[in-house]
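Thank you all for coming, and please have the viewer open, since I will be going through this one slowly for anyone who has not met it before. I will begin where protein and nucleic acid meet, and then turn to the protein chains themselves.

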2 protein chains.
Amino acid sequence: MSTIGFSEHDHASCIARAVRDVEARCEEARLQLTPVRRRVLEILLDGHRAMGAYDILDLLRREGLGSQPPVAYRALDFLVKHGFAHRIEKLNAFVACTHPGADHAPAFLICRDCSAVAEAHEARVALDESARQSGFAVESAVIELEGLCPLCQNGAGA
Amino acid sequence: MSTIGFSEHDHASCIARAVRDVEARCEEARLQLTPVRRRVLEILLDGHRAMGAYDILDLLRREGLGSQPPVAYRALDFLVKHGFAHRIEKLNAFVACTHPGADHAPAFLICRDCSAVAEAHEARVALDESARQSGFAVESAVIELEGLCPLCQNGAGA
DNA sequence: GGACTAATGTGATATTATAACAGTCGTGTC
DNA sequence: GACACGACTGTTATAATATCACATTAGTCC
């Protein structure tokens, strides 16, 4: 699927499925999943963790898909805007969305050891309640919890 | 109290009180509230909103307290480390803590109109519960809600 | 085909943050 | 008093992240 893949397992097929899913959504919503945008999505899915814009740009460069920062940022903006990826503020980095479609603003669980990022959806509700009570009208939320994932707590190290 | 103050009201006295409070805590904890650190705290209190490191640095420069980025960053690191200020990831900016002492990791309500930042403490609990259930060990949390504060919802504009 | 919008290519630059190392200053020790 | 030590500061340089501006290309509608 890519020049990057070191971990073969069934990762490739799960990426392929995710890409097809996004493809379908784009078609439905009349969005253009152009080569660069598609490739950036694949890179994020393949990386399977939060990646910096310049990490992604490096890969694009090697593949001749773009060499200047705006190329990466524009693709990332597109993916984030339409919910196919998320920006992790704490890391100045990006992850592919693991629940595309569920129109959401999830919480993220970031492992400081293996850098894995998980989405947690239940977390939102209580927060909105709390803010609303104070009269504050929430429009967007950044909820990022850093710590150790279950695997790394056991010394697995992902 | 400072060369910056445009809004006179009783802001000055509330800043003075906050500074004295931090002073006391530093004395107790054997921390050095040096001139630069103290001035950065005052600037944050006076600004009364999230300020970028370079905004602060500009003010320090005019006062001859330091001219290079590390000066501002070191003072901010100190204040954040000891809970006298907080970093707002979403804004790459800093605010003075409004509840120093309560050893906390609060949620922030950020008004996109007037840039005011409020701390909300009730919000935490539900999140920790949620994360814990997934087996993830939370060590630090970034919870930032952007929207409109009650004043700006009324067209006040703070 | 002409007008339009969306996307890309590219060079330059803005913004945020840190590394590295030398100098200063107080404090304790002998 | 000389010294060693630690914490802080001053300064240069540079890294890392992000955006602006403008020219060009590609697709779409009429």
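Let me start with helix α4 of chain B, which provides the largest share of the surface near DNA strand C, namely four residues. Before going further I should say that this is a predicted model, and every distance I quote is computed from that model.

Staying with DNA strand C, there are 15 residues surrounding this strand, and the closest of them are A:Thr34, A:Arg37, A:Arg74, B:Tyr54 and B:Arg87. Which parts of DNA strand C do the side chains of these residues approach? For A:Thr34, an N or O atom of the side chain is placed 2.6 Å from a phosphate oxygen of the strand, and for B:Arg87 a phosphate oxygen is again the partner, with a distance of 2.3 Å to an N or O atom of the side chain. B:Tyr54, on the other hand, has a side-chain N or O atom 2.5 Å from a base nitrogen of DNA strand C. The elements that contribute two or more residues to this surface are α4 of chain A, residues 69-81, and α4 of chain B, residues 69-81.

If we look at the strand's own atoms, 42% of those within 4 Å of the protein belong to sugar or phosphate, and the rest belong to bases. On the protein side, the surface near DNA strand C is made up of seven nonpolar, four polar and four charged residues.

Now please turn to DNA strand D. Here 15 residues surround the strand, the closest being A:Tyr54, A:Arg87, B:Thr34, B:Gln68 and B:Arg74. Of the atoms of DNA strand D that come within 4 Å of the protein, sugar and phosphate make up 40%.

Taking the individual contacts in turn, A:Tyr54 has a polar side-chain atom 2.5 Å from a base nitrogen of DNA strand D, while the side chain of A:Arg87 has an N or O atom 2.3 Å from a phosphate oxygen of that strand. From chain B, a polar side-chain atom of B:Thr34 is found 2.7 Å from a phosphate oxygen of DNA strand D. The elements giving two or more residues to the surface near this strand are α4 of chain A and α4 of chain B, and the largest share, four residues, is that of α4 in chain A. Sorted by class, the surface near DNA strand D has seven nonpolar, four polar and four charged residues.

A:Arg87 deserves a second look, this time for its place in the fold. This residue stands opposite A:Phe94, which is in β2 of chain A. Strand β1 of chain A, residues 85-88, runs antiparallel to strand β2, residues 93-96, and four bridges join the two. Together these strands form a hairpin with four residues between them, and in the turn A:Asn92 has a positive phi of about 45 degrees.

Next, how do the two protein chains meet? The contact takes in 32 residues from chain A and 31 residues from chain B, and the chains bury about 2600 Å² between them, with 57% of that on carbon and sulfur atoms. Between chain A and chain B the count is 14 residue pairs in polar contact, both residues being at pLDDT 80 or more. On the side of chain A that touches chain B, β5 of chain A gives the most, with twelve residues, and by class this side has 18 nonpolar, seven polar and seven charged residues.

Strand β5 of chain A is also joined to strand β5 of chain B, residues 137-148, by eleven bridges, and the two run antiparallel. As an example within this pairing, the bridge partner of A:Leu145 is B:Ala141.

I will finish with charge. Side chains of opposite charge can pair when their charged atoms come close. Two salt bridges are counted between chain A and chain B, and A:Glu139 forms a salt bridge with B:Arg112, in which the closest N and O atoms are 2.5 Å apart.

Over all chains, the structure holds 18 salt bridges, including one in which the side chains of B:Arg38 and B:Glu23 meet, with 2.5 Å from N to O. Because B:Arg38 lies in helix α2 of chain B, residues 35-47, and B:Glu23 in helix α1 of chain B, residues 11-29, the pair ties together parts that are 15 residues apart in sequence.

Key: Residues numbered from 1 in each chain as written. Chains lettered and ligands numbered in written order. Predicted model: local features only at pLDDT ≥ 70, side-chain atom pairs only at ≥ 80, totals over all residues. Heavy atoms only, no water. Near = heavy atom within 4 Å. Polar contact = N/O pair within 3.5 Å; in protein donor to acceptor, adjacent residues only side chain to side chain. Nonpolar A, V, L, I, M, F, W, Y, C, P; charged D, E, K, R; others polar. Pairing = 2+ DSSP bridges. Contact = heavy atoms within 4.5 Å. Buried area = accessible area lost by both parts, 1.4 Å probe. Salt bridge = Lys/Arg side-chain N within 4 Å of Asp/Glu carboxyl O.
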